[in-house]
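Me: Please take a close look at one part of this structure, the place where the two domains meet, and carry on from there to the ligand.

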Amino acid sequence: MNRALLIHAYGGADAVSIDRIDLPTAAAGEVVVRVRAAGVNGLDWKIRDGSLQSVFPLPLPATLGIELAGEVTEIGAGVTRFTVGDRVLGALGAIGAYADHVAIDADKLAPIPDSLDDTIAAAIPVAALTAWQALFEAGELKRGQTVLIHGAAGGVGSFAVQLARRAGARVVATARGIHAAYLRELGADEVIDYRTTPFWEVARNVDLVLDLVGGPALTGSWPIVAEQGRIVSTAAPEIATQTPTGKRGVWFQMRTDAAKLAEIAREVAQGNLRAEVSEIVDLSQAADAIERNKTGHGRGKTVVKFQ
Ligand SMILES: NC(=O)c1ccc[n+]([C@@H]2O[C@H](COP(=O)([O-])OP(=O)(O)OC[C@H]3O[C@@H](n4cnc5c(N)ncnc54)[C@H](OP(=O)(O)O)[C@@H]3O)[C@@H](O)[C@H]2O)c1
C-alpha cells in the first residue's frame with residue numbers, strides 16, 4: 001500500500017485527496033524511505049493553489065510534501081552511505097514527501113540520531129537549512145551585527161533566532177505578542193508585536209533583515225536597513241525585481257545540504273538547538289493542516305505523522 005496526498009488539479013483545501021499510488025523503486029543513487037513523518041510547509045499550499053505554476057510547472061496529479069523522516073527500505077545501485085533499516089531525514093528539493101513510501105536521492109539524506117523522535121526529525125530539514133543558509137550564506141551575518149527576523153515564531157524563524165543569537169548577532173524578532181516569551185527563550189534580544197507596534201519605529205540601522213513574511217513586512221523594512229545592509233526574503237520573490245535603487249535585496253531559495261543537515265540534527269539531539277513542533281496530525285488531517293499554514297499564524301512546525 002502506498003497512500004499519497006495528491007492534487008489532481010490546482011485549487012483550495014478540497015483539491016487535495018488521499019489516493020493510492022504505485023510503490024516506488026530505488027533508481028541508481030536513490031533509496032526508498034518508509035515515511036514516518038513529514039513536515040508541513042508554505043510551499044505545500046503555494047503549489048496546491050497553482051500560484052507557482054509559472055516557476056514550478058508540474059505534471060498532475062502530483063504528490064505534495066517537501067521533507068520527510070523515516071526508515072530506509074530499499075537501496076539503489078551505487079548507494080553506500082545507508083543500509084536498509086537506517087533512520088533518515090531530508091528535504092527532497094522537489095515534491096512528493098507525503099506518501100508512505102518515497103524514492104529519494106541518497107545524497108539529500110542525513111542520519112537521524114538515535115535519541116531523536118521521527119516527528120521532531122521531520123520538523124528540521126527545510127526550516128533549519130533555510131534559516132542557516134539565509135542567515136549566513138545569503139545574508140552573510142556576522143558576530144556583533146543586528147538581524148531583524150520577520151515571522152520569527154514560525155518554523156524557519158524559530159531556528160533563525162537560535163542560530164543568529166548563537167553566532168553572536170543581536171536578534172530583533174517580529175511576531176504576535178503571545179510568542180514573545182517563547183522567542184526570548186530561543187534567544188531574541190527584542191520582540192516586536194507587529195500587531196501593536198510598527199517595527200520601523202523601533203528597529204533602526206539593521207544589518208540584515210530576514211523576511212519570512214513578505215508584503216508590508218518587506219516594504220516597511222527598506223528604510224531601516226543599514227547602508228551596507230541587506231534584506232533576504234524567503235517569502236517574496238518580487239524582491240528580485242522590486243528592490244529600490246541603492247538597496248540590496250536578495251531572493252533566497254533553499255538547497256539541500258546533507259552534511260549541514262546531519263550537523264543540525266545532531267545539535268537538536270544534543271539539546272543545543274530546539275526544533276519546535278506545535279502540532280502533530282495524521283494523513284487524514286494533512287489537507288486541513290496545509291490550509292491552516294496558509295493563514296500564517298502559528299509557532300514552530302506542524303508535522304504529519306504516518307502510521
Ligand atoms: N524560499 C525558500 O527556499 C523557502 C524555504 C522555506 C520557507 N519559505 C517560505 O518562508 C515563509 C516562512 O516559512 P515558515 O515555514 O517559517 O512559515 P510559518 O511556520 O508559517 O511561519 C510564519 C510566521 O509568520 C508569522 N507572521 C504572520 N504575519 C506576520 C507579520 N505580518 N509579521 C511578522 N510575523 C508574521 C506567523 O505567526 P504569528 O502571526 O502568530 O506571529 C508565523 O509564525 C513562508 O512563506 C514559506 O513558504 C521559503
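Reply: A salt bridge is taken here as a side-chain nitrogen of Lys or Arg within 4 Å of a carboxyl oxygen of Asp or Glu, and across the interface of domain 1 and domain 2 that rule finds zero of them. This is a predicted model, in which local features need pLDDT of at least 70 and side-chain atom pairs count only at pLDDT 80 or more, while totals for chains, interfaces and linings use all residues. Residues are numbered from 1 along each chain as its sequence is written, and side-chain values use heavy atoms, with hydrogens and water left out.

The domain assignment (bounds from an automatic or database source) gives domain 1 as 3–123 + 276–305 and domain 2 as 127–251. In contact, meaning heavy atoms within 4.5 Å, are nine residues from domain 1 and 11 residues from domain 2. The buried area, which is the accessible area (1.4 Å probe) that two parts lose on being put together, summed over both, is about 740 Å², and carbon and sulfur atoms give 51% of that. On the domain 1 side, His 297, Arg 299 and Gly 300 supply 48% of the area buried against domain 2, more than any other three residues. Although salt bridges are absent from this interface, three residue pairs are in polar contact across it, both residues being at pLDDT 80 or more; such a contact is a pair of N or O atoms within 3.5 Å, where within protein one must be able to donate a hydrogen and the other to accept it, and residues adjacent in sequence count only if both atoms are side-chain atoms.

His 297 returns at the ligand, being among the closest of the 28 residues that surround the ligand (a heavy atom within 4 Å). An oxygen atom of the ligand is 2.6 Å from a side-chain N or O atom of Arg 176.
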